[in-house]
Amino acid sequence: MTTGNALTSTTPRQGVLDLGVEVERIVAGVEMGVLENGIPFLTQRGLAEMSGAHRSTIQELSQEWADAQITGLIPKGRLTFFRDYLAKNNYDDASLYIETVKSGSPHYAYPDVVCMAIIEYFAFEAQRTNETAIQNYRNLARFGLQSFIYQALGYVPPDKWKYHHDRVSILQGGAPDGYFIIYNEVSGLIIDLINADLAVNDKTIPDISVGRWWGDHWNASGFESIFGNRIKFEHNYPAYYPQAASNPQFPWAYPNEAIAEFRRWFRHDYLVTRFPRYILTKAHLLGGQAAAKQLGNLYQPAALAGPR
């Protein structure tokens, strides 16, 4: 997508995301791509081509949706269809597109769930349906838009465990004798995030969030006088991480005497009060606010209490 594809006035609540375009091309006259988190998308021009609607109509629809999210009012008509369709598919973002930046230019990526809603609308629900939308909807209903885009672009989803496994390999035995490190203690959380299809990579590093909040708790509680001094240890990110440019890193290692307090704090403070906020900042990597909220509630008190 280029600035020529930009919407002129839609202002999504989420703002511009720190999420790049992994691959993007024009295939059979349709502009399409995949974001870094694996979400397939069509550009506004590509969506117009697939739905048989004018780009100006897609733009108007996008603006109407954004305005309705601000006012909280869904007027009767086509927005009711999109509200119901997208709600059933757990999409509740303030914008119909995901705004990113590529080479300094704004990009507007319509994710696959939104594209299917729009194609179905112009195939069967609009006052003036069209054969292009009908034919594309029938093809995609059998194949799926995600599979269609992945195959058209030759895109193979990366191994979702790679980033975690490579850091584990580097950190194996990395804790100084008599000390524990945050990454090892939160590995269960990281595994849960990967299993929930959150892209745990160079943009999602949960141990940084945990480490910052634990460091504040450590200092505020005067734990050094109770458990002893924390110390720095050398840690290197895998070479393909952007963070590797400033290797070696020197995070804190904490005395083993404090590990019980850390686990109590992590389980009953961080996971309950801090983690939901953190995960909401990664909503775009999960496909929307609804999925982020669901994952953010994973460790709420009822779940932490365990079976009665």
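Reader: Which residue stands opposite Val23 in β2?

Author: Good place to start, and keep in mind that this model is predicted. β1 and β2 pair in the antiparallel sense over six bridges. Across from Val23, the residue in β2 is Val34.

Reader: Which residue in the hairpin of β1 and β2 takes a positive phi?

Author: Look at the link between these two strands, where the hairpin has two residues between them. A positive phi near 55 degrees appears there, and it belongs to Ala28.

Reader: Is β2 mostly covered or mostly open, and how many of its residues are buried?

Author: Let's take the two faces in turn. On one side, Val30, Met32 and Val34 are buried. On the other side, Glu31, Gly33 and Leu35 are buried too. That makes β2 mostly covered, and the count of buried residues is six of six.

Reader: What is the bridge partner of Met32 in β3?

Author: β2 and β3 run antiparallel, and three bridges join them. Their hairpin has four residues between the strands, with Gly38 in the turn at a positive phi of about 90 degrees. The partner of Met32 in β3 is Leu42.

Reader: Which strands are the edge strands of the sheet?

Author: Try following the order of the five strands in this open sheet, β1-β2-β3-β5-β4. An edge strand here pairs on one side only. β4, for instance, pairs with β5 over five bridges. The edge strands are β1 and β4.

Reader: At what angle does helix α4 run to β5?

Author: Helix α4 covers residues 112-125 and lies across β3 and β5. Its angle to β5 is about 65 degrees.

Notes
Residues are numbered from 1 along each chain as its sequence is written. This is a predicted model: local features need pLDDT of at least 70, side-chain atom pairs count only at pLDDT 80 or more; totals for chains, interfaces and linings use all residues. Side-chain values use heavy atoms; hydrogens and water are left out. Two strands pair if DSSP finds at least two bridges between them. Contact means heavy atoms within 4.5 Å. Axes are lines fitted to C-alpha atoms, for helices over the stretch in contact, and angles run from 0 to 180 degrees between N-to-C directions. Buried means under 20% relative accessible area, exposed over 50%, partly exposed in between (1.4 Å probe, protein chains only).
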